[in-house]
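This briefing concerns the internal cavities and the salt bridges of one protein model. Please consult the sequence and the structure alongside the text.

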Amino acid sequence: MVFALLDDALAHWAVQEPNATAVRSGGNSYSYRDLETAANAIAGYLHAYGVASGDRVGVFAAKSFDTIACVLGVLRCGAAYVPIDPAAPEGRVSSILKDCDLKCVLTDPIRARRLPDGARGLAISDALGCYQTMPQVPRCETDLAYILYTSGSTGAPKGICHSHRSGLAYARMAARLCSLTPQDRVSHHTPLHFDMSIFDVFSSIWAGASIVVVPEIVAKMPANLSQLVQDEAITVWYSVPFAMAQLVQRGVLGERDLSALRVVMFAGEVMPPAVLRAFADFAPEAIYLNAYGPTETNHCTTAV
């Protein structure tokens, strides 16, 4: 399959497999048709608001079906999305808004109250209810697609800009590396402001797979997290080693069936060998991949 833009795969699967599950979130299933409709609604809403090609739009909300639709809708109207840590302090939020000169911020009621004065917050619920026709916007693969901020561990956080070409190159490579298919169910464990989310969202959509959203509260409770992995029959898992360590230590893995797992990928920090060995005891048939690469290099430079 040949796609030029990050959201092209969504349009493809919405036509080829409209009823296939694109996202599982909060116990609900959303088809590729549902995701296409939601993305177009958001794009139409933003266009009516005045968002134009080259603008930057913030996404300030906890990960969900809605936020996945937001990033795709932002791309559809020719803009670039800037994901903001939903738990970020007000100072961090303000600095990102100023640094990126955001046209507006798609947000939820909780985060809307935390936006600095003068910020143009738009309710995601309003955008999803929009029925504006989305006109065709000229776009190309070199257009800016998203800006991800580094952690700031080596100084002030830096906004790293990626084009559609750059993001799609990674999404395609990672999907092929993991042999993703429409039958896969891929975990969406990290928030959107982490570069690992590019795999969760765009590699999954490239392959026509299902994205399984891991709610923040579940991600923090290892026993509930392992229950979700079992109940959703997740086939491809991607997280930081710390999350896997917590699953080993407090996730009661001995009581879970993880046999659906076929790929377990981890990145972001050093994996303790003891943790990897212990986790592999509960999913011995899975392939294990250690990915490495800073945000500046489009997330991943090696995977072994």
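A salt bridge is a side-chain nitrogen of Lys or Arg within 4 Å of a carboxyl oxygen of Asp or Glu. In this predicted model, Asp108 and Arg111 count as such a pair because their closest N and O atoms are 3.0 Å apart. The structure holds eight salt bridges, and two cavities of 30 Å³ or more are counted.

**Salt bridge Asp108–Arg111**

- Asp108 and Arg111 are both buried, which means that each has under 20% relative accessible area.

**Salt bridge Glu141–Arg165**

- The side chains of Glu141 and Arg165 form a salt bridge with an N to O distance of 2.7 Å.
- This pair connects distant parts of the chain, its two residues being 24 residues apart.
- Glu141 lies in the loop between α6 (124-128) and β7 (144-149), whereas Arg165 belongs to helix α7 (residues 164-177).
- Glu141 is classed as partly exposed because its relative accessibility is 32%.
- Arg165 has a relative accessible area of 47% and is therefore also partly exposed.

**Salt bridge Asp184–Arg262**

- Asp184 and Arg262 meet through their side chains in a salt bridge of 2.7 Å, N to O.
- Here too the pair links distant parts of the chain, with the two positions 78 residues apart in numbering.
- Asp184 is located in the loop between α7 and β9 (185-188), and Arg262 in the loop between α11 (241-250) and β12 (263-266).
- Asp184 is buried, because its relative accessible area is 3%.
- Arg262, by contrast, counts as partly exposed because its relative accessibility is 27%.

**Salt-bridge network**

- Four residues, Asp7, Glu36, Arg76 and Arg139, are joined in a network of salt bridges.
- Side chains of opposite charge can pair when their charged atoms come close.

**Largest cavity**

- The largest cavity has a volume of about 50 Å³.
- Its lining consists of Ser226, Val229, Trp237, Leu247, Leu253, Leu258, Leu261 and Phe279.
- Seven of the lining residues of the largest cavity are nonpolar, one is polar and none is charged.
- Ser226 is the polar member of this lining, because Ser is not listed among the nonpolar or charged residue types.

**Second largest cavity**

- The second largest cavity has a volume of about 30 Å³.
- Val59, Ala61, Pro83, Ile84, Pro86, Leu192 and His193 line the second largest cavity.
- This lining comprises six nonpolar residues and one polar residue, with no charged residue.
- His193 is the polar member here, because His counts as neither nonpolar nor charged.

Key:
Residues are numbered from 1 along each chain as its sequence is written. This is a predicted model: local features need pLDDT of at least 70, side-chain atom pairs count only at pLDDT 80 or more; totals for chains, interfaces and linings use all residues. Side-chain values use heavy atoms; hydrogens and water are left out. On a 1 Å grid over the protein atoms alone, a cavity is a set of points where a 1.4 Å probe fits but cannot get out, and a pocket is an open set with protein on both sides within 12 Å along at least five of seven lines; lining residues have an atom within 4 Å of a point. Grid points are joined across faces, edges and corners, and a volume is the space filled by probe spheres set on the points. Buried means under 20% relative accessible area, exposed over 50%, partly exposed in between (1.4 Å probe, protein chains only). Helices (H or I, at least four residues) and strands (E, at least two) are DSSP runs, numbered from the N terminus.
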